[in-house]
Amino acid sequence: MNLTLHERSEKLLKQRIKQLNPRDPFNFVFMGDSRGDGPNDNCFTMSGEFELVLKKAVELNPLFIIHGGDTVYTGKKEYLEHFVKVVEKIASNIPMFVCVGNHDELYLDESNLENFRATIGKVHWVIDIPVFNFRCIALNNVISPKNKIYGFTDRELNYLEQQLEDAPRNTVVAMHAQPNIEGFPVTTPQSQEFFDLIQEHRVKKVLVSHVHAYDEQFIRKNRNGTFTFGRGTDFVLSGGAGDPLDFEQPLILNNYNFTEFFVSRYNILGPLLWKDFGRPRRNCL
């Protein structure tokens, strides 16, 4: 029986964790949005830029890679299977864990996770490394890819709350869309509860993609429901792993990119930004 990408990655991670020295920090990589531009570039799978991004990430020998979603333009099974084959070829010894993105869910159709589960694997997953007080919690915040609605259902928030009940010092949340974009307002009761939960449990990083650029914002929700920027939880946007880049203001960096983090028993350092990977040999993979 063929393993999903997630199942393969879980096995690899168990092997790699055994080699860790608790006195030495480990590194992991976060990247997102590797899809092509569909009918605009005749590339329904991944952009050729993704190959360069992934090869550079593998050179860093991270303990694992987190992908923030939108692996391919549309989540047909054959396209997702192709993504898995490319990852297994380039990153054969590196675990990769994927958050579901709107394009992974049969873009322009209503939500359909069957193909994602059959190829990439779990929609909800947790990485636990107790000796480093580390946990990463993956969320699905794509409500309707067809209608471009993002946010949290009550069920999703209940899942997050359960995972945060005994959250260790170095807790990270990973999801596809970041708050305060089109279709993902921060004023809904669900969004407000999300911020309350991550602040109450002192989540160190929230890793997001969806916007095809790089940015970092510290965000704190105030008691009256407003937000203060420059303080609070560290939100890291890395959405440049091959997608057509976004150039709208106030994005601070419009380059193909990924980020690297370093985890000790006491803290998570980063993001360290990686960009400038050269020119791809082919437009599509």
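Is F262 buried, partly exposed or exposed? With a relative accessibility of 33%, F262 counts as partly exposed. Please keep in mind throughout that this is a predicted model.

## A nonpolar patch and a cis peptide bond

Let's stay with F262 for a moment. This phenylalanine sits in strand 13, which covers residues 257-263. Together with L269 and L272, F262 makes a nonpolar patch of about 260 Å² on the surface. Membership in such a patch calls for over 30% relative accessible area, and F262 has 33%.

The peptide bond from G270 to P271 deserves a look as well: it is cis, and its omega is near 20 degrees. P271 belongs to strand 14. For context, most peptide bonds are trans.

## A negative patch on two helices

Now to charge. Five acidic residues, D154, E161, E165, E193 and E200, gather on the surface as a patch of negative charge. Two elements each give two or more residues to this negative patch: helix 5 (154-164) and helix 6 (189-200).

E161 is a good residue to pick out if you want to inspect the patch yourself. It is found in helix 5, and its relative accessibility of 36% makes E161 partly exposed.

## Salt bridges around E51

Across the whole structure, a search finds 13 salt bridges. One of them joins E51 to R281, with 3.2 Å between the closest N and O atoms. This pair links distant parts of the chain, since E51 lies in helix 2 (residues 48-59) and R281 in the segment after strand 14 (268-275), 230 residues apart.

E51 also meets R282 in a salt bridge, at 3.1 Å from N to O. Here too the partners come from distant parts of the chain: R282 is in the segment after strand 14, E51 is in helix 2, and 231 residues separate them. Add K55, and you have a network of salt bridges that links E51, K55, R281 and R282.

How does the accessibility of the residues in this network look? E51 is buried, at 6% relative accessibility. R281 is exposed, at 65%, while R282 is partly exposed, with a relative accessible area of 36%.

## A salt bridge between D166 and R135

Another salt bridge brings together the side chains of D166 and R135, 2.9 Å apart from N to O. D166 lies in the loop between helix 5 and strand 8 (170-174) and R135 in strand 5 (residues 134-138), so this salt bridge ties together parts of the chain that are 31 residues apart in sequence.

Which of the two partners is buried, and which is exposed? D166 is exposed, with a relative accessible area of 53%. R135, in contrast, is buried, with a relative accessible area of 9%.

## Where helix 1 meets a distant stretch

L12 is part of helix 1, which spans residues 5-17. With a relative accessible area of 14%, L12 is buried; the limit for that label is under 20%.

What does L12 touch, beyond residues up to four places away in sequence? Its contacts are S92, N93, I94 and P95. For P95, the C-alpha atom is 5.8 Å from that of L12, although the two residues are 83 residues apart along the chain.

## Loops worth a visit

Most residues other than glycine have a negative phi. Two residues in loops depart from that pattern. K148 has a positive phi of about 55 degrees although it is not a glycine. K148 lies in the loop between strand 6 (142-144) and strand 7 (149-150), and its relative accessible area of 39% makes K148 partly exposed. R202 likewise has a positive phi, near 55 degrees. R202 is placed in the loop between helix 6 and strand 9 (205-208), and R202 is exposed, with a relative accessible area of 70%.

A last stop is F247, found in the loop between strand 12 (233-238) and strand 13. F247 is exposed, at a relative accessible area of 56%. F247 and H212 are 35 residues apart in sequence, and their C-alpha atoms are 8.4 Å apart in space.

Conventions: Residues numbered from 1 in each chain as written. Predicted model: local features only at pLDDT ≥ 70, side-chain atom pairs only at ≥ 80, totals over all residues. Heavy atoms only, no water. Patch = residues over 30% accessible without salt bridge, like charges linked within 9 Å, V, L, I, M, F, W, Y side chains within 5 Å. Areas by Shrake-Rupley, 256 points an atom, 1.4 Å probe, with all protein chains shown as cover. Salt bridge = Lys/Arg side-chain N within 4 Å of Asp/Glu carboxyl O. Lys, Arg positive; Asp, Glu negative; His and termini not counted. Charge placed at Lys NZ, Arg CZ, Asp CG, Glu CD. Helix = DSSP H or I, 4+ residues; strand = E, 2+ residues; numbered from the N terminus. Buried < 20%, exposed > 50% of the residue type's maximum accessible area, 1.4 Å probe, protein only. Contact = heavy atoms within 4.5 Å.
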